[in-house]
Amino acid sequence: MQTEESSRKPGPRDSIVENTQTELITKDAESIIPVLEEEGDVSVLEKECVRKPSVRETLILAYSSLGAIYGDIGTSPLYVLNSIQYPHDTPTPDDIYGAISAIFYMFIIIVLAKYAIIVLTYGPNEGEGGQVAIYAKIARCLRAGPKGVIIPGTPERSDAILLKRTETSSSFVSNALDLDSWAKKPAVVKQISLISLFGCFLGCSLVFSDGLLTPTTSVLSAIAGIQVAKPDFNYVLLVSELVIIFLFAIQQLGSHRISHLFAPIITLWLIGLIICGIINITSHPSIFRALSPYYAIKLLKNVGIDALGGVMLAITGTEAMFADLGHFGRAPTQIGISFVFVTLVITYLGQGAYLVNHPEGLADVFYLSIPGTTGSPQYWVMFVLATLSTIIASQALILGVFSILSQLINLDCFPKLKVKHVSASYAGKVYIPVANFLLLVGVCATTAGFKNLNNVTAAYGLGISLDFVVTSVLMIICMTYVYEFKWYVTTLFCLVFVPLELCLVIANIKKVPHGAWFPLMMCAIFLSFLVFWRYCRDKTVSRQLASRVRLTELYPDCKTAEVVDLRGRSAAQEYEEENASIPALVTSYHGASSDDTLNLFQRINTRFGVVKRHTMPGACIIYSDTPHQDIVSPNTVPRVYAKIIREFGSIPSLVVFCRMRVLSIPLVPIEERVLVSATKVPGHFKCVVRFGFMEQVRIDKEIGDHILKEFISVKDLQQYEDEQIPILHVFEKNEIRAKEYKDSEHATKNPARIASRYVRQFMINQLFSPVDAVFQHNDRCVTWSCESDEERGKLFIGGTTII
């Protein structure tokens, strides 16, 4: 049903310039509503693509995970037993039993009990793992996440409902936490949120620093193994660098292809370990006595806590297993670690059985324990598999770095690097080209710096043990606030795991003078960057949100309009009122007649005073720095729109506030691509353009025409030359600058404060502002086939954001 105005015959072209009425250039509101009600529910689209993997798919993923996750922990038998400190120079049977027992129970407690059962069950957030996932769950529960960020997993209204909002008085005010418990007092919650964020950044920094050491250690150990068979081989460093370059070059293939490539190798390696272990166990069956905790306690009593420094090497790669969860899922990961556990227990028992009979072979126990003589066919088979497997061992951590960075980018805690999704089946399988290159450079530099395996092994272990402690602290907070476990449950978790992990930290601290200072230094650098970036983004977003302009500040006649509060209304009443208000938004304002509505928006506040608003034929699509707020806030407009109004006093007849959104589904049907709704201002609309995570975020001519079809009628289209409506894409580009504290209010003679202000200004102006500008590239999402059209069709308007 069309209004009387919309059914009139179109006038001459110049009449369109003077006429600001939306009816002459837009479709009637009733044609927009079905799109909102039938196609606007994001959750429907996403739920249709979510299904539980079959048993066959789960087993295939578990098999694939062997090649991507368990290379590190699966190659630990190469060096663990000869890295443990024993009470005697030549270990006695009890010493060997104690080492095997300590490894067995360390694996049971940390890897299986803590990670495979507890952390993988209660830690993931929306299928993602790592400390970022735990923090996201905590922040969502405490409602203390980064400003302007929708944390994954947050119950979110569909795009259609957001577009239909007419007031914001109370709709998005979070319910207060239950204050019955002291742990939920606002002051305590604030401190807990800060501790969680810091723990998240610290854990990520430790993984990043470990990401430099793990590939270095694994590749150097693999290439150094060639010297065992050929002692005159002197190109270990050169070949290691070439292997590292190859390893990072193939990351662009994606984790699914890489895992299928590496899985057969790791599977053969694990089968070989089982065969060797069983054969060795038959030579000394009493080795099963080592499964008694008595021998582990006896070893710790004789050697002290230092013995744990070598034992911990048996569980390296555990944190990467949790970080890689998004690539494979929980069930496949748990199945994979169960198989690896059985394999490693048999392997260590077999090596222990060999050492009981040949304690002098401790220094090279792995190769000497291979059944047969040195140089036999089975020896070379295991040698080749060991070399390939140790090269693959770093894959788990590389994928873990990609997953963690992807989550940090989503939480606005890291520069917006380009993230490529490499699988349509799993959104968590990602590849980040820039991060891959930077990690390649860092690993090559680390390898060249340490030069040989002995040097890098001395630095290995401290970062991993610290990471265990950080994860435990975050899990304790998560159990307390997210799952609200009883106090004795979290206390039991703390008492079982934290003391043991602190012992691992203490045992590895002695490595600091011998090389462990390097991961600590790199962790401090990464941590400083993450904290600094989050601080700057928080200040920037706060300024951007504060700079938004209310409609009443631009349109003075709107001040008489009634403000409606939705608080206290029932769901049915709100639904009816929202649906009833949509048609009126195009032609009326709070029940006013069409003419009254137009009169409310005829006068505008400009730098020249209050003047009559002028319109011109054409369309303007605005992309601001606060796109989500443009959609959910009907009473405010972005600063870039206010600048156009105040500086020029003239706007196109059609204005669209556009937000681009990537959904958690691989592809979005073309009919579901664009959602639109009217705003309070005639001729002004809100639009959400949605893409799947496997699609390239691009607004080309086809999508641009699709957007306009939601507003422009055929009759109005005929008023333009060649029936082509001139479209101007407006982008907000602001320069970020640090506050200079020149006013007398902030004057100080304190040298420390003056120095801190200088450092702050330098870091923001010379580091944050340029880097942030590089990755704020909304304009690149709008493309033309002709470069000249792109030059004419884009307009950049901005200013200075002082933080």
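Two strands are taken to pair if DSSP finds at least two bridges between them, and I begin there because that definition underlies the sheet I would like to show you. What you have in front of you is a predicted model, and I will go through the sheet and then two helix pairs.

By that criterion, strand 6, residues 614-623, and strand 8, residues 650-662, pair in the parallel sense over seven bridges. If you want one place to look on the structure, take Met616, whose bridge partner in strand 8 is Pro652.

These two strands belong to an open sheet of six strands, in which the order runs 9-10-8-6-11-13 and the pairing is mixed. At the edges are strand 9, 674-678, and strand 13, 794-797, each of which pairs on one side only, and from one strand to the next the twist averages 25°.

Two helices that pack on this sheet deserve a mention. Helix 30, residues 639-648, touches strand 6, strand 8, strand 10 (684-691), strand 11 (727-732) and strand 13, and the direction of helix 30 makes about 170° with that of strand 8. Helix 31, residues 701-709, touches strand 6, strand 8, strand 9, strand 10 and strand 11, with a direction that makes about 140° with that of strand 10.

Let me turn now to the helix pairs. Helix 9, residues 186-224, and helix 11, residues 236-249, have axes that come within 9 Å and cross at roughly 130°; angles from 115 to 145 degrees fall in the oblique class, and helix 9 and helix 11 are therefore oblique to each other. Their crossing is right-handed. On the helix 9 side the contact is made by Val219, Leu220, Ile223 and Ala224, and on the helix 11 side by Val236, Val239, Ser240, Val243 and Ile244, so that by class the contact has eight nonpolar residues, one polar and no charged ones.

The second pair is helix 6, residues 93-122, with helix 24, residues 487-509, whose axes come within 11 Å and cross at roughly 125°, which makes helix 6 oblique to helix 24. Which hand does the crossing of helix 6 and helix 24 have? The crossing of these two helices is left-handed. From helix 6, Met106, Ile109, Ile110, Ala113, Lys114 and Ile118 meet Phe493, Val496, Phe497, Leu500, Glu501 and Leu504 of helix 24, and the residues of this contact divide into 10 nonpolar, no polar and two charged.

How values were computed
Residues numbered from 1 in each chain as written. Predicted model: local features only at pLDDT ≥ 70, side-chain atom pairs only at ≥ 80, totals over all residues. Heavy atoms only, no water. Axes fitted to C-alpha atoms, helices over the stretch in contact; angles between N-to-C directions. Helix = DSSP H or I, 4+ residues; strand = E, 2+ residues; numbered from the N terminus. Parallel < 35°, antiparallel > 145°, perpendicular 65-115°, else oblique. Left-handed = near helix turned anticlockwise from the far one by under 90°. Contact = heavy atoms within 4.5 Å.
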